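Trainee: Could you take me through one part of this model closely, namely the nonpolar core and the segments around it? I would like a connected account rather than a list.

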Amino acid sequence: MFKAIRNSPFLHALGRENVLFAFRAIVSQKLRSFLTLLGIVAGVATVIAMVSFVAGFNEAVTGAFSAFGTTLVQFQKYEPRFGGPPGLIPEDQRRRRDLTLEDAAALKRLATLAGAVSPERYYQASGTGAVKNRQGTEANGPTIGGVVPDYLTANNSTLEDGRFISETDLTHGAHVCVIGWDVAKPLFPGRDPIGQEVLVGGVALRVIGVLEKKGSQMGGSADNLMLIPLTVFDEMFPQIKNGRGDTLHIATVPRDPEQVHEMTDQEVAILRAHRGLKAHQPNDFAIRTSEEGLQTFQQVTGGVTMAMVLIAAIALLVGGVGIMNIMLVSVTERTREIGVRKALGATRKDIAAQFLVEAVALTCTGGAVGIAAGFGIAFLVRYAFDFPAAAPLWSVVLGFGISTAIGLGFGLWPAMKAAAQDPIDALRYE
């Protein structure tokens with residue numbers, strides 16, 4: 001089949017001479033070619049930039065979920081959502097009972113497939129002097145977490161230095177803390193944080209450990225974190241414990257990563273039984289898994305991609321119509337040239353190939369400029385706004401493929417019109 005395509009008379013007609021002739025025509029009409037290509041450039045640049053943003057965003061999201069472990073299963077009061085004020089939470093979820101430490105204890109005691117069960121509460125520190133060192137230097141609004149020793153295993157975290165919160169710290173309400181890299185760096189520049197004190201709302205906490213750096217994820221930092229014993233957290237922030245919000249999260253991971261689904265089923269059964277739910281009643285808690293979270297984000301980015309593809313398609317359609325229009329004008333302007341070529345023996349296929357190659361050369365030139373512009377936009381946005389963007393190699397092939405298809409599609413009619421010219425009438429054309 002490939003041999004037949006390679007030896008086809010039409011493909012031979014698309015020769016080097018036609019390509020050179022097409023580019024000479026583009027260069028001889030620089031302004032007209034430039035204006036004609038604007039639509040193609042805009043459409044291809046939009047496609048390339050969009051692909052770069054979506055690929056980069058997906059890469060960042062995948063990294064964010066991987067950083068906390070792909071087998072993490074978290075129970076919480078409300079269904080996962082993409083932000084928004086509490087007023088948008090459905091009423092049936094607002095009426096749910098809060099998850100409790102007793103629920104976590106039941107999972108810890110009965111979930112035989114779980115490798116770690118970690119009840120956690122969080123508070124977003126804000127305001128002047130919320131978190132600072134003895135010298136008055138402030139941290140940049142870290143998230144404060146009340147946790148238990150299982151936190152490290154459940155959240156796929158490791159220590160850079162020192163030790164983590166122990167059962168003894170929990171039992172005795174020790175005023176200790178483990179800090180992330182983005183808390184340690186501003187509070188203790190050039191010094192060992194271990195043994196130093198951090199003031200949280202005036203309460204002194206001794207640093208006993210530093211978490212290993214996880215890096216920036218989805219525009220935020222996973223290292224701007226301070227962890228304290230859950231018992232101490234409940235003393236310092238009783239409004240969180242007794243609040244009406246999504247106050248307790250229970251993070252779990254399986255002993256065997258291959259049994260994450262079985263562990264989830266087991267834990268759901270334990271929670272339902274412990275919370276006294278009957279068989280016909282739905283769960284009064286939400287389940288969030290890394291896998292489902294990743295799928296949700298991919299659905300969102302898929303929707304954004306489709307919207308951007310539609311916008312790019314409109315620009316490409318306009319560009320294609322422009323190509324067809326300018327090629328029809330070119331056929332009219334070069335009617336006598338067509339007549340001369342036919343008089344000298346050129347066939348209909350030769351004439352059609354000449355104009356078709358010219359249309360494809362136009363769109364491919366626009367595609368190349370559009371690819372460069374798309375990568376340039378992605379590069380600028382990435383470094384100006386720290387937005388994740390990646391430029392996959394296949395997007396270049398996609399850009400040229402789109403350009404070639406537009407050239408073939410919108411250049412076909414003008415090429416056929418040129419090929420259908422009668423040589424006698426063409427030679428008489430003024």
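Mentor: What follows goes from the annotated spans to the core and then to a patch on the surface. Please keep in mind throughout that this is a predicted model. In an unreviewed entry, UniProt lists residues 34-57, 306-331, 352-385 and 391-413 under "transmembrane region". In the model, residues 34-57 are 100% helix and 0% strand, with the end C-alpha atoms 33 Å apart, and residues 306-331 are likewise 100% helix and 0% strand, with a distance of 37 Å between the end C-alpha atoms.

Turning to the interior, the largest nonpolar core has 27 residues, and those with the most contacts inside it are I323, M327, I351, F355 and L362. At least two residues of this core come from each of α3 (16-28), α4, α13 (290-333), α15 (348-385) and α16 (394-419), and α15 gives the most, with 9 residues. For I351, leaving aside residues up to four places away in sequence, the residues touched are I338, R341, K342, A346, A418 and A419. A second core, separate from the one just described, has 23 residues, including V198, I228, V232 and M236.

Nonpolar side chains also appear on the surface, where L31, F34, L35 and L38 form a patch with about 420 Å² of accessible area together. Of these, F34 is placed in helix α4, which covers residues 30-67, and α4 is also one of the helices that supply at least two residues to the largest core.

Key
Residues numbered from 1 in each chain as written. Predicted model: local features only at pLDDT ≥ 70, side-chain atom pairs only at ≥ 80, totals over all residues. Heavy atoms only, no water. UniProt positions renumbered as here; feature names shortened; annotations may be inferred. Helix = DSSP H or I, 4+ residues; strand = E, 2+ residues; numbered from the N terminus. Patch = residues over 30% accessible without salt bridge, like charges linked within 9 Å, V, L, I, M, F, W, Y side chains within 5 Å. Areas by Shrake-Rupley, 256 points an atom, 1.4 Å probe, with all protein chains shown as cover. Salt bridge = Lys/Arg side-chain N within 4 Å of Asp/Glu carboxyl O. Core = buried A, V, L, I, M, F, W, Y, C linked by side-chain atoms within 4.5 Å. Buried < 20%, exposed > 50% of the residue type's maximum accessible area, 1.4 Å probe, protein only. Contact = heavy atoms within 4.5 Å.
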